[in-house]
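Grab a pencil and work through these exercises with the model open beside you. Try each task on your own before you read its solution.

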Amino acid sequence: ILNGKGLCSGPSGVVSTVRFACPKGYIEVIGSVVDDEHVSFKTPNFEKYGALEVEVRIKLGSRSFSNAAVPFKYFSVTDCAKTVAFGPGVLKGIVANKSTVFVVQAKDKSSIDRVCGMDKFDVIIQKLSSADLSNEDKKNCDTCLASIKDISDGTYTIEY
């Protein structure tokens with residue numbers, strides 16, 4: 001939802017166009033005027049331009065786009081193959097029956113650290129008695145619950 005003033009000042013039923021622009025290009029989406037101060041729309045996929053800050057402008061009907069722009073930040077998409085984990089909880093030889101922790105640093109497809117949270121991770125902690133276990137045997141190993149804390153900067157602490 002985009003907030004503004006006087007959005008219903010034109011003829012009723014006017015279609016709004018919302019433009020997300022950066023130096024590399026722009027994408028426009030259709031919005032609907034909710035009331036005099038709000039326009040609702042779906043944020044477009046901006047992956048082809050990458051993670052960056054864009055300007056958002058609105059156009060009502062056949063009028064020109066607004067002079068005022070609102071900044072909007074696109075974040076890169078997490079790539080699990082590039083994401084890393086580190087800390088005492090991923091090392092061999094930790095003390096049994098004592099809680100430990102490790103950190104997950106989310107990274108994008110270019111191995112650049114993500115700078116915001118809100119990723120979804122599934123973490124399974126398995127107790128392995130031997131490094132030579134077959135894949136089938138690994139499925140039968142003991143597991144424990146882990147708590148995940150989103151630090152909101154692209155890192156997550158996992159405690160188990």
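**Exercise 1. Find the partner that Glu28 meets in a salt bridge, then look at how covered the two residues are.**

Step 1: The side chain of Glu28 pairs with that of Arg19, at 2.4 Å from N to O. That fits the rule, because a salt bridge is a side-chain nitrogen of Lys or Arg within 4 Å of a carboxyl oxygen of Asp or Glu.

Step 2: Now check the cover. Buried means under 20% relative accessible area, exposed means over 50%, and partly exposed is in between (1.4 Å probe, protein chains only). Glu28 has 36%, so it is partly exposed. Arg19 has 24%, so it is partly exposed too.

Before you go on, a word on what you're looking at: this is a predicted model, where local features need pLDDT of at least 70 and side-chain atom pairs count only at pLDDT 80 or more, while totals for chains, interfaces and linings use all residues. Residues are numbered from 1 along each chain as its sequence is written, and side-chain values use heavy atoms, with hydrogens and water left out.

**Exercise 2. How many salt bridges does a search of the whole structure find, and how covered are the residues in them?**

Step 1: The search gives 4. The Glu28 and Arg19 pair is one of them.

Step 2: Take Glu55 and Arg57, whose side chains meet at 3.1 Å, N to O. Glu55 is at 40% relative accessibility, so call it partly exposed. Arg57 is at 22%, so it also goes down as partly exposed.

Step 3: Next, try Arg114 and Asp119, which form a salt bridge at 3.2 Å, N to O. Both of these residues are buried.

**Exercise 3. Describe the overall layout of the protein chain.**

Step 1: Count the elements. Helices (H or I, at least four residues) and strands (E, at least two) are DSSP runs, numbered from the N terminus. You should get 1 helix and 12 strands.

Step 2: Write down their order. From the N terminus it goes β-β-β-β-β-β-β-β-β-α-β-β-β.

Step 3: Look at the cover. The chain has 160 residues, and 28% of them are buried.

Step 4: Check the contacts, meaning heavy atoms within 4.5 Å. Among those between residues at least 6 apart in sequence, 51% join residues at least 24 apart.

**Exercise 4. Which residues touch the most other members of the largest nonpolar core?**

Step 1: Get the rule straight. A nonpolar core is a set of buried Ala, Val, Leu, Ile, Met, Phe, Trp, Tyr and Cys residues joined through side-chain atoms within 4.5 Å.

Step 2: The largest core has 16 residues, and the ones that touch the most other members are Val18, Phe20, Cys22, Val39, Phe41, Phe46 and Val54.

Step 3: See where this core comes from. β2 (15-22), β3 (25-35) and β5 (53-60) are the elements that each give two or more residues. β5 gives the most, with 4 residues.

Step 4: Zoom in on Val54. Leaving aside neighbours within four places in sequence, Val54 is in contact with several residues, including Phe20, Cys22, Phe46 and Phe72.

**Exercise 5. Is Ile158 buried or exposed, and what is it in contact with?**

Step 1: Ile158 has a relative accessible area of 2%, so it is buried. You'll find it in strand β12 (residues 155-159).

Step 2: Ile158 belongs to a second, separate core of 7 residues, which also includes Phe102, Val104 and Ala106.

Step 3: If you skip neighbours within four places in sequence, the contacts of Ile158 include Val101, Phe102, Val104 and Ala146. Ala146 is 12 residues away along the chain, and the two C-alpha atoms are separated by 6.3 Å.

**Exercise 6. Where in the chain are Met118 and Ser152, and what is the sign of phi in each?**

Step 1: Recall the background. Most residues other than glycine have a negative phi.

Step 2: Met118 has a positive phi, near 75°. Met118 sits in the loop between β8 and β9 (125-127), and at 67% relative accessibility it counts as exposed.

Step 3: Ser152 also has a positive phi, about 70°, though it isn't a glycine. Its loop runs between β11 (147-150) and β12, and at 51% relative accessible area Ser152 is exposed.
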